[in-house]
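Please open the model in the viewer and follow the stops below in order. Each stop names a selection and then describes what is found there.

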Amino acid sequence: MYLYVGFCLLLFERLPSWNLEPTVITPQGSEEDRSSLSVEMSMILSASVIRVRDGLPLSASTDYEQGTGMQECRKYFKKLSRKLAQLPDRCTLKTGHYNINFISSMGVSYMMLCTENYPNVLAFSFLDELQKEFITTYNMMKTNTAVRPYCFIEFDNFIQRTKQRYNNPRSLSTKINLSDMQMEIKLRPPYQISMGELGSANGVTSAFSVDYKGAGKISSAHQRLEPATLSGIVAFILSLLCAALNLIRGFHAIESLLQSDGEDFNYIVAFFLGTAACLYQCYLFVYYTGWRNVKSFLTFGLICLCNMYLYELRNLWQLFFHVTVGAFVTLQIWLRQAQGKAPDYDV
């Protein structure tokens with residue numbers, strides 16, 4: 001018995017010791033290999049809020065990954081921000097493993113980056129939530145007068161909360177109804193932007209036009225104008241008022257001529273020319289055309305000539321009112337220029 005116990009103790013001492021410490025496995029490979037894990041998952045990666053007219057970033061996610069694919073997508077973000085004024089209000093750009101979706105409304109664009117397998121309905125529902133919250137939180141005056149990039153960076157808190165919800169479909173399914181968005185996307189699908197329209201990757205962009213659902217091509221001759229200011233709206237209304245006054249006086253002049261009261265026919269022409277000039281100034285204020293500033297100055301000259309000819313039929317205050325309104329509208333046309341090339345903000 002003692003010999004058996006001694007033999008067992010000797011055998012136990014000769015056995016190798018057990019290593020009970022846990023083995024830590026560290027991931028091997030480059031950043032591209034690790035970032036490919038996120039590509040296999042269906043998720044939203046980042047989002048930005050950008051002003052349409054000049055591409056100024058108003059707010060953005062602060063958790064960008066640093067993989068090569070993500071860095072390339074940031075370049076596409078910059079290119080798109082410069083062309084937002086020329087694109088439809090709902091678009092998608094496919095960039096390999098990632099998709100960039102955005103919507104634009106009231107001079108602000110909401111852009112997001114997601115994996116290629118993320119559902120379109122969820123992507124645009126996410127952007128719609130960002131849009132509603134941003135419009136509710138900030139008024140148009142603040143967004144139009146902002147001069148510093150990322151001046152609404154605190155909006156990132158809402159972006160992060162909403163992104164977490166949309167990256168967890170189980171918690172999302174009971175909170176939103178996607179049927180309306182699904183029907184809207186089916187009836188009006190997002191415009192698919194091609195790489196040729198966006199431009200080459202080395203920063204040299206090509207001139208292009210967008211044909212979207214029969215809306216026609218958007219060329220440089222039909223650019224969007226900057227948002228109208230309060231003074232511009234007042235000038236537009238006053239110009240319509242002057243046009244109405246000239247039109248009424250013109251009809252009265254026709255009536256006097258028919259009654260043979262000795263009314264000069266040239267007065268009728270002057271009144272209707274003044275009406276046409278005021279209406280054309282309204283058109284120039286609303287729409288962009290070639291030689292727009294020159295046309296506005298020539299139209300103002302025509303208004304002055306018409307009022308000079310009507311000197312005998314109007315008192316000094318009436319003449320002063322019509323000429324001043326014409327000059328005011330001309331100034332507003334000159335101030336409201338076309339949206340130019342966006343500065344190279346670090347979006």
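**Stop 1: an aromatic pair**

Select Tyr138, which is located in the loop between α4 and α5. The model is a predicted one. With a relative accessible area of 10%, Tyr138 is buried.

Add Phe155 to the selection. Its relative accessible area is 4%, and Phe155 is likewise buried. The C-alpha atoms of Tyr138 and Phe155 are 9.8 Å apart in space, whereas the two residues are 17 residues apart in sequence.

Now display the rings. Across the whole structure, a search finds 14 aromatic pairs. One of them is formed by Tyr138 and Phe155, in an edge-to-face arrangement with 6.2 Å from centre to centre and 65 degrees between the planes. Tyr138 lies in the loop between α4 (120-137) and α5, and Phe155 in the loop between α5 and α6 (156-166), so the pair ties together parts that are 17 residues apart in sequence.

**Stop 2: the ring cluster**

Which residues do ring pairs link into a cluster? Extend the selection to Tyr110, Phe134, Phe152 and Phe158, which ring pairs link with Tyr138 and Phe155 into a cluster.

**Stop 3: a ring pair in α13**

Move to Trp317 and Phe320 in helix α13, where they are 3 residues apart and separated by about one helical turn. Are these residues buried or exposed? Trp317 counts as exposed, at 71% relative accessibility. Phe320 is also exposed, with a relative accessible area of 52%. Their ring centres are 6.5 Å apart and their planes stand at 90 degrees, so this pair is edge-to-face.

**Stop 4: arginines over rings**

Select Arg90 together with Phe124. Arg90 lies over the face of the Phe124 ring, at 5.8 Å from the ring centre.

Then select Arg336 with Phe285. Here the charged end of Arg336 sits over the ring of Phe285, at 5.1 Å from the centre of that ring.

**Stop 5: Val52 and Ser105**

Go to Val52, in the loop between β1 (44-51) and β2 (57-60). Val52 is buried, and its relative accessible area is 6%. Show Ser105 as well: from C-alpha to C-alpha, Val52 and Ser105 are 8.8 Å apart in space, and in sequence they are 53 residues apart.

**Stop 6: the second largest pocket**

For the final stop, display the pocket surfaces and choose the second largest pocket, which holds about 290 Å³ of space. Its lining consists of 15 residues, and those closest to the centre are Asn144, Pro227, Ala228, Thr229 and Leu230.

Which helices each supply at least two residues of this lining? Colour α5 (140-145), α10 (230-258) and α13 (316-335), each of which does so. The largest share, 4 residues, comes from α5. By residue class, the lining divides into 7 nonpolar, 5 polar and 3 charged residues.

Finally, colour the model by domain. Where does the second largest pocket lie with respect to domain 1 and domain 2? Domain 1 (44-196) and domain 2 (230-335) both contribute residues to the lining, so the second largest pocket lies between them.

Notes:
Residues numbered from 1 in each chain as written. Predicted model: local features only at pLDDT ≥ 70, side-chain atom pairs only at ≥ 80, totals over all residues. Heavy atoms only, no water. 1 Å grid on protein atoms, 1.4 Å probe; cavity = no way out; pocket = protein on both sides within 12 Å on 5 of 7 lines; lining within 4 Å. Points joined across faces, edges and corners; volume = space filled by probe spheres on them. Nonpolar A, V, L, I, M, F, W, Y, C, P; charged D, E, K, R; others polar. Domains from an automatic or database assignment. Phe/Tyr/Trp six-rings, centres within 6.5 Å; stacked < 30°, edge-to-face > 60°. Buried < 20%, exposed > 50% of the residue type's maximum accessible area, 1.4 Å probe, protein only. Lys NZ or Arg CZ within 6 Å of the ring centre and 35° of its normal.
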